[in-house]
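Me: I would like to go through the labels on this model and the reasons behind them. Please keep the replies short.

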Amino acid sequence: MSSFATLIFTVIQLAMDYQRDFDKLQNNYTIIKNSYLDSMAEHLWSYDTRLLEIQLDGLSRLQGVSHLRLVADNNVIYEFGQSKPQEQSSQRFDIYHKNTDEILGSLDVELDVASLRNKYLQEAVWIFVRQAAKTMIVVLCLYFVFNQILVVHIQHIANYLRKNPRKENKDLILNRPSHEGEDELDVLVESINLFRRDLLTANTKLETLNQALEHKVQERTHQLSTKNESLEKAMLQIKRMQATLVAQERMASLGSLTASVAHEIRNPLNFVLNFSELLTDSEDIEEVKEISRVVLKHSQRIDQIVRSMQILSGYESDVIEVLDVNELLKKAYHETIAARSLGSSYVPPKVSYRLEKSAMAPVYATSLTRALSNIIDNAIYALEKKDLVNRGFEPELVLSTVVRADSVDIVIRDNGLGIPRVLGEKIFDPFLTTKSAGEGAGLGLTVAFNIAQKHGGTLKYTSEFGQWSEFVVSLPLSHERPNT
């Protein structure tokens with residue numbers, strides 16, 4: 001940095017000296033103009049060549065003048081030096097007669113600016129060479145002194161640290177001449193020795209702690225092995241008990257399901273048997289027709305229970321096809337109305353369709369139509385019951401589809417009685433029904449829920465009791481049959 005600063009200041013000083021000498025050269029033009037031109041004009045006018053040459057010889061001796069040339073009447077009267085014109089180094093003076101202002105000739109003057117530049121360039125080179133030599137000598141001296149005073153001892157300290165002082169009980173000592181006081185190297189050596197002793201003490205304590213920890217780990221491992229054996233035995237017992245409980249639960253569920261099915265089938269079957277006996281004794285044609293209608297109604301109910309049980313057991317199956325969900329929804333509604341005409345003449349006066357233009361999805365057509373029919377039948381039942389108790393009630397059934405990014409939603413909404421909040425998700429349990437005895441087996445929503453899962457989709461509902469209910473069947477656009 002010192003050498004760099006010295007070089008900067010040297011360059012500035014050389015530039016200033018060069019500019020000063022250059023200004024002195026430029027001052028020759030002023031001297032020539034003020035002191036020589038008038039006398040030269042007089043000598044040319046009188047054509048006194050001897051005095052003119054004496055004056056020009058004196059002019060050629062001015063410092064820095066490298067070339068002179070006097071021209072009069074297109075003839076070179078006097079010339080000194082060689083012409084090497086450069087920018088700012090040459091100038092022409094016209095010589096006028098004082099009284100007549102007549103141009104008698106011209107004087108060309110060139111200054112030796114190139115020599116001035118070479119002089120300062122050579123001086124700059126020598127200054128740089130001297131400065132570089134001085135810097136190199138200083139650096140070498142500093143390196144020698146620094147190496148003898150500090151680097152040798154730093155290398156000794158590094159070698160000592162490489163020998164793993166954690167295992168050597170030997171202090172670090174530097175081979176230094178005796179000196180008064182304590183310098184930085186002494187402080188460093190003392191700190192290293194103190195750190196080494198503390199490190200040896202800490203290593204000893206760490207080895208002791210490691211041995212104790214290993215012993216504790218062995219004890220804890222033995223305890224854990226013993227506990228694991230106990231846990232394995234307990235888990236084996238739990239699995240056995242769980243298998244027993246599952247078997248008992250299955251038997252209990254099977255018994256409950258069997259009893260429910262038997263009860264649901266027994267009621268319409270009793271009607272069929274009793275009315276069949278009446279049919280054999282009756283001879284009235286109208287009575288026979290009425291009895292036949294009742295027998296047919298309860299026979300269809302038995303058939304519906306059996307079909308629902310087949311669906312629940314996975315017995316019923318059909319082929320999956322990509323179909324228009326809108327058409328299936330309309331078909332389910334019309335089939336529901338046709339089936340209800342056998343037992344009830346109630347049809348909702350207002351049915352609204354809000355269908356997407358295209359709602360294609362992979363579906364099991366037969367199963368999905370049955371699921372939608374079950375939900376629509378429940379909605380019509382809720383409208384019918386509310387219509388019976390509320391005068392001025394305007395029943396409405398809304399059937400809509402919504403196409404999403406990865407699914408098609410089928411929405412069935414009614415403004416009927418609604419579903420009590422206390423039932424929650426229990427409405428999808430088999431044989432749970434809010435209908436009167438003989439009006440439903442409680443399998444409709446269970447079947448619909450299983451069919452939705454069969455499609456890899458979902459069946460959800462929202463409701464406000466006494467106001468409305470809304471069921472949403474969500475079907476995926478890419479079907480993967482769920483594992484059973």
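The questions below concern a predicted model.

Me: Why is Ile-8 called partly exposed?

Reply: Its relative accessibility is 38%. Partly exposed lies between the 20% and 50% cut-offs. Ile-8 therefore counts as partly exposed. The residue is found in helix α1, residues 2–35.

Me: What makes Ile-8 eligible for a surface patch, and which residues form the nonpolar patch?

Reply: Patch residues need over 30% relative accessible area and no salt bridge. Ile-8 has 38%. The nonpolar patch consists of Phe-4, Ile-8, Phe-9, Ile-12 and Met-16. Together they have about 550 Å² of accessible area.

Me: Why is His-43 labelled buried or exposed, and where is it?

Reply: His-43 sits in helix α2. Its relative accessible area is 19%. Buried means under 20%, so the label for His-43 is buried. Its C-alpha atom is separated by 9.7 Å from that of Glu-53, ten residues apart along the chain.

Me: What makes Gly-64 buried, partly exposed or exposed?

Reply: Gly-64 has a relative accessible area of 22%. The buried class ends at 20% and the exposed class starts over 50%, so Gly-64 is partly exposed. Gly-64 lies in the loop between α3 and β1 (65–72). The C-alpha atoms of Gly-64 and Leu-116 are 8.5 Å apart, with these positions 52 residues apart along the chain.

Me: How do you know whether α2 is roughly parallel or roughly antiparallel to α3?

Reply: Helix α2 (residues 37–46) and helix α3 (residues 49–60) pack at an angle of about 155°. Angles over 145 degrees count as roughly antiparallel, so α2 is roughly antiparallel to α3. Their axes are 9 Å apart, and the crossing is left-handed.

Notes
Residues are numbered from 1 along each chain as its sequence is written. This is a predicted model: local features need pLDDT of at least 70, side-chain atom pairs count only at pLDDT 80 or more; totals for chains, interfaces and linings use all residues. Side-chain values use heavy atoms; hydrogens and water are left out. Patches are made of residues with over 30% relative accessible area and no salt bridge: like charges are joined within 9 Å, nonpolar side chains (Val, Leu, Ile, Met, Phe, Trp, Tyr) within 5 Å. Accessible areas come from the Shrake-Rupley method with a 1.4 Å probe; for residues, only the protein chains shown count as cover. A salt bridge is a side-chain nitrogen of Lys or Arg within 4 Å of a carboxyl oxygen of Asp or Glu. Helices (H or I, at least four residues) and strands (E, at least two) are DSSP runs, numbered from the N terminus. Buried means under 20% relative accessible area, exposed over 50%, partly exposed in between (1.4 Å probe, protein chains only). Axes are lines fitted to C-alpha atoms, for helices over the stretch in contact, and angles run from 0 to 180 degrees between N-to-C directions. Angles under 35 degrees count as roughly parallel, over 145 as roughly antiparallel, 65 to 115 as roughly perpendicular and the rest as oblique. A crossing is left-handed if the near helix is turned anticlockwise from the far one by less than a right angle, and right-handed if clockwise.
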